[in-house]
Amino acid sequence: MIPAKTIDDILSVARVEEVIEDFVALKRRGVNMMGLCPFHDEKTPSFTVSPAKGIYKCFGCGKSGTSVGFIMEHENLSYPEALKYLANKYNITVEEREVSPEDRAVLQLTDALHIVNNFAAEHFTKNLLETDEGKAVGLSYFKERGFRQHTLDQWQLGFAMSSGKAFTNLALEKQYNLEHLQKLGLSTQYESDFFKSRVIFPIHNLSGKIVAFAGRMLSKDKNQPKYLNSPESEIYNKRKILYGFYFAKTAIRKADECIVVEGYTDVLTLFQGGVENVVASSGTSFTVDQIRLIKRFTDNIKIIYDGDPAGIKAALRGLDLVLAENMDVRLVLLPKDEDPDSFFKKSGQDAFSKYLDENAKDFIDFKTTLLLSEAGNDPIKRSHVLRDIVSSIALIPDAIKRAMYVKQTSSKMEIEEAILIAEVEKDLQKLKKEQQQQYHREKLREDRNNFVTEVIVNPEDGQVEMIPTTTLPKINDEHQERDLVRILITSCDLMLEKNGDVTVHEYLIPFVEENIDFLANKAYKKIFEFAISKYKASQKIAFKDFIHHEDADIRDTAVDLSISKYAFANWEEKGIFLQTQQMPEENFKKDCYESILRFRLRVLKKEINELEKMILENSDEDKTIDIKVLQQLLNERNEIAKELTQIVL
Ligand SMILES: [Zn+2]
């Protein structure tokens, strides 16, 4: 358990934008910050962070939360684990008991797996630095490569001994779970060590936790693979991890470029030499998930190849994806027989960077040159190349870029531009159809979050119209409830002068309390019950009491309701959002009265209906009183309707 005082300390320093910026590049947009959502694939940012409110919300996929919630979701951690993560980031000491074997058993699986990997990493490091075998074999290999002690420490490099059981035995002795060891691929089904006689490169996730290991063989055993990687597990998805990304991310953002190499030692050499924006796709060819990971930090990728042209050709196939993501990809081929490691050591940082700058070719150019040199003058092969290049060009979202590439390719392949344009157009039509379907799906999702205005897209010409829904006193029960709760959450501690010195909280509760059963939504009801209990105890409440509430329903709903569509800068970029309306926060007084009126109107409507029904059904009784009451209710209803219309106008 983490003491409440410590939790308060953590929550008060863990600024949501700081926490999220470790994972997502954010750009300031008015009072909010925007970035590409890490939880769904998107090309234009709809991920919004509100530093003032301490929350984030994605208008694409709807994910939202606080700094703690973000870490829980992103790092797949439990609540206490996320708090510990933040405590660590901000150097807050968390008083904690040592993890006992009993505790270990109840820890969440992912937590447990991280702990096992940490133990393994420490063990491998000890082997490397403290055992004779480790020093003689592993350490001498790393030293030979020129890695300094600081690099070894920072990247937690290690060594796995040749005796095949030492690690597994020690782990079991220390009460680590055999199943976990096997899940992580550290121990085999025969309870022996998976990594034997190899130097070890731990693979970190975006938050610096070790999720897997790569082991490089040093002997020349032909029956053994040169590299061995941990299998995929609950904490390791190799398609989503780039080796070195955790260490490189700050430099990538700063340089606005990510350099991609093939090998672990390439990364280490460059990083140690001062080129820190470097990563490697570990154990796979480049995947679309890895590309999207990079895109969250920069649009510019430079890929360094040292392989033979045939190998590169295969690698290029996957790279069409990068074009579709509208990223700027440049490729560099190193001189024959050099890899980044050797070439960097030979040439030094300045000459290396200069070589990259001078020899980087854009993707289409690189691909055309490579494929054409292979096809020679064979007309059939050349037509295949053309097909290949055309489909790549069609993937580029930017029309000007496309036109540029068409021109370039036409001269390079000696084909008339008009023919190329027609070919690209065919591919584009196909893609456009797919994209349109996607767009409409996305629009539907957005509309669900949009309660201020309605967006209508004309499918014919793609024209977008925004219709303000608030100009009509249209009562939608769900919207109305949501508004009421939203006002309570976001403005509860603000003062309403018109009614004397009362807060929004104090003003709303008496109205809602007697009609709380009208709230159909369970979470909304919980929120009001919480507010009512505070009101009865004469306690004030504030926004943070909702977003950090112990009840997840209250917490999630509060976050979700507190960032409005106004923050959706995406629309602004598209030139659609032109209204200069006040922000809802500044409108809270009007919103507050209006919401109460609407709520009252709803209650009245129901009462009127019931009374009318009663009057019609009971034909023989005296109905004068009922009718009088009905008349009163109707009067009140009309008054409110009138007032609502005035407020609105
Ligand atoms: Zn999202």
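This report describes one sheet, one helix and two loop residues of a predicted model.

Local features need pLDDT of at least 70 and side-chain atom pairs count only at pLDDT 80 or more, while totals for chains, interfaces and linings use all residues. Residues are numbered from 1 along each chain as its sequence is written. Helices (H or I, at least four residues) and strands (E, at least two) are DSSP runs, numbered from the N terminus.

An open sheet holds five strands in the order 11-10-12-13-14, and its pairing is mixed. Strand 11 (278-280) and strand 14 (361-362) are at the edges; each has a single partner strand, so one side of each lacks a neighbour in the sheet. Two strands pair if DSSP finds at least two bridges between them. Strand 12 (residues 300-305) and strand 13 (residues 328-333) run parallel and are joined by six bridges. Tyr305 stands opposite Leu333 of strand 13.

A residue is buried if 20 or more other C-beta atoms lie within 10 Å of its own, exposed if 12 or fewer, and partly exposed in between, with C-beta atoms placed from the backbone. Helix 13 (residues 288-295) is largely enclosed by the rest of the structure, because six of its eight residues are buried. These are Gln290, Ile291, Arg292, Leu293, Ile294 and Lys295.

Two loop residues have a positive phi although neither is a glycine.

| Residue | Phi | Loop between | Other C-beta atoms within 10 Å |
|---|---|---|---|
| Gln175 | near 70° | helix 9 (166-173) and helix 10 (178-183) | 12, exposed |
| Ser538 | about 55° | helix 22 (522-536) and helix 23 (543-547) | 7, exposed |
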